[in-house]
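Grab a pencil and work through these exercises with the sequence and the 3D view side by side. Try each task before you read its solution.

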Amino acid sequence: MADLTKKTRRIALGCEGSANKLGIGIILHEGTSLSSSTSTVLSNIRHTFVSPPGTGFLPKDTAAHHRAFFVRIALQALTAANLTIPEIDCICYTKGPGMGAPLTSVAVAARTLALLWNKPLVGVNHCVGHIEMGRAITGASHPVVLYVSGGNTQVIAYAEQRYRIFGEALDIAVGNCLDRFARTLEISNDPAPGYNIEQLAKQGGRVLLDLPYAVKGMDCSFSGILTRADELAAHMKNGGKGPDGEPFTPADLCFSLQETIFAMLVEITERAMAHVGSSQVLIVGGVGCNERLQEMMGAMAAERGGSVYATDERFCIDNGIMIAHAGLLAYETGFETPIEESTCTQRFRTDEVLVKWRK
């Protein structure tokens, strides 16, 4: 392993492809210690596989997309960063969690770069990547983290070099609930189904339709809510009326779904804040871009004298720069992934990672 003790500039290239986003980012860390180093985003390039309305993205099709675009996106990232290959210290890739075929396609590509350029390889937990990028961008020091995406829903807090999970989804993730309901309504997947539900929900609000509220201790369940929302959508299409005797619209359905599931997320996040004594909430993951979720979380935090931290779509949505950043943090502590162990896994718990770079 390279000696980083006297190196003031460290650069990592990160490769992300756990779902339908292929992202490659390059980050620069400057400084002689982890506590005093600064981070600079040199490039952050992304390309999304978009499936037709009413459909989801299949693993095999998504993997084929990533293979087809990897070289193009990597070259764009290098060009945007204005770097030469010798300046890069390590190659980082998403080890998991995520969809098996897309993960594998990007892991093979990252391994190829590491061998081709003779660079160390660093496997990164996707969830930890989101958290560390969120902390770096917002400056949140000791937040309760709400991680909400298409594949994960977790309430997390840091303790003793681990990101501890206080609560999570018991079945499907909140983003998966939104994505699948978008299919029911045959909403476009471009740029993202959750984003289009958010825009449609802004047109609703005339009536709040009754949906199950499923909080179980610190955990949530979304499958029953989705089933009921699908039933109401079928009722609407057949000319059914709402509780006020008037017809309701797809916008009303989207509004009701968002209000219900976001209220659940606010409740379990507030409970975690009380438990760990934190006044900060950091929202990460693709669903974290949702302005209504940020608004509801902000109202709760303000009542507690706290604040909410969130990033925009450049860093909320899956991206390569978060993998580069988290991977470089680990690499600076001496961590590397041997080529023969550079596998990927669909199940990789957030609390499995030793967060050696935090005291």
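**Exercise 1. Which residue in β4 is the bridge partner of Cys-15? Work outwards from there to the neighbouring strands.**

Keep in mind that you're looking at a predicted model.

Step 1. Find Cys-15 and look across to β4: the bridge partner there is Tyr-93.

Step 2. Now widen the view to whole strands. Strand β1 covers residues 9-16, and it pairs with β4 in the parallel sense over 4 bridges.

Step 3. Turn to strand β5, residues 121-125. β4 pairs with β5 too, in the parallel sense over 5 bridges. One bridge to pick out joins Thr-94 to its partner in β5, Val-124.

Step 4. Check how covered β4 is. The strand runs from 90 to 96, and 7 of its 7 residues are buried.

**Exercise 2. Where does Pro-97 lie, and what kind of peptide bond joins Gly-96 and Pro-97? Then look at Asp-190 and Pro-191 in the same way.**

Step 1. Go just past the end of β4. Pro-97 sits in the loop between β4 and α2 (100-117).

Step 2. Look at the bond between Gly-96 and Pro-97: it's a cis peptide bond, with omega at about -5°.

Step 3. Move on to Asp-190 and Pro-191. They are also joined by a cis peptide bond, here with omega at about 0°. Pro-191 belongs to the loop between α4 and α5.

**Exercise 3. Which residues of α6 are buried, and why do they line one face of the helix?**

Step 1. Get the helix in view. α6 spans residues 223-237, so count 15 residues by the program's assignment of helices. From first C-alpha to last it reaches 21 Å, close to the 21 Å expected at 1.5 Å a residue.

Step 2. List the buried residues: Ile-225, Leu-226, Ala-229, Leu-232, Ala-233 and Met-236.

Step 3. Look down the axis of α6. The buried residues fall within an arc of 125°, so they line one face of the helix. The general rule helps here: an α-helix has 3.6 residues a turn, so residues three or four places apart point the same way.

Step 4. Ask what covers the buried residues of α6. The cover includes α4 (174-184) and α7 (250-276).

Step 5. Step off the end of the helix. Just after α6, Gly-239 takes a positive phi of about 85°.

**Exercise 4. Which residues touch the most other members of the largest nonpolar core, and which element gives the largest share?**

Step 1. This core has 48 residues, and the ones touching the most other members are Phe-181, Phe-222, Leu-253 and Leu-293.

Step 2. Now sort by element. Among those giving two or more residues to the core are β6 (144-148), α4, α6, α7 and α8 (291-303). The largest share comes from α7, with 12 residues.

Step 3. Don't stop at one core. There's a second, separate core of 32 residues, and it includes Cys-90, Leu-282, Leu-328 and Val-355.

Step 4. Zoom in on Leu-253. Skipping neighbours within four places in sequence, its contacts include Phe-181, Leu-209 and Phe-248. They also include Ala-229, Leu-232, Ala-233 and Met-236, four residues that you met among the buried ones of α6.

**Exercise 5. Is Asn-319 buried or exposed? Do the same check for Glu-160, Glu-186 and Gly-277.**

Step 1. You need the cut-offs: buried means under 20% relative accessible area, and exposed means over 50%.

Step 2. Asn-319 has 0% relative accessibility, so it counts as buried. You'll find Asn-319 in the loop between α9 (313-316) and α10 (320-332). Beyond residues up to four places away in sequence, Asn-319 touches Glu-16, Asn-44, Arg-46 and Arg-314.

Step 3. Glu-160 comes out at 70%, so it is exposed. Its loop runs between β7 (153-159) and β8 (162-168). Phi of Glu-160 is near 55°, a positive value in a residue other than glycine.

Step 4. Glu-186 reaches 58%, so it is exposed. Glu-186 lies in the loop between α4 and α5, and its phi is near 55°.

Step 5. Gly-277 has a relative accessible area of 64%, so it is exposed. Look for Gly-277 in the loop between α7 and β11.

How values were computed. Residues numbered from 1 in each chain as written. Predicted model: local features only at pLDDT ≥ 70, side-chain atom pairs only at ≥ 80, totals over all residues. Heavy atoms only, no water. Expected span 1.5 Å × (residues − 1). Buried < 20%, exposed > 50% of the residue type's maximum accessible area, 1.4 Å probe, protein only. Arc of directions from axis to C-beta. Contact = heavy atoms within 4.5 Å. Core = buried A, V, L, I, M, F, W, Y, C linked by side-chain atoms within 4.5 Å. Pairing = 2+ DSSP bridges.
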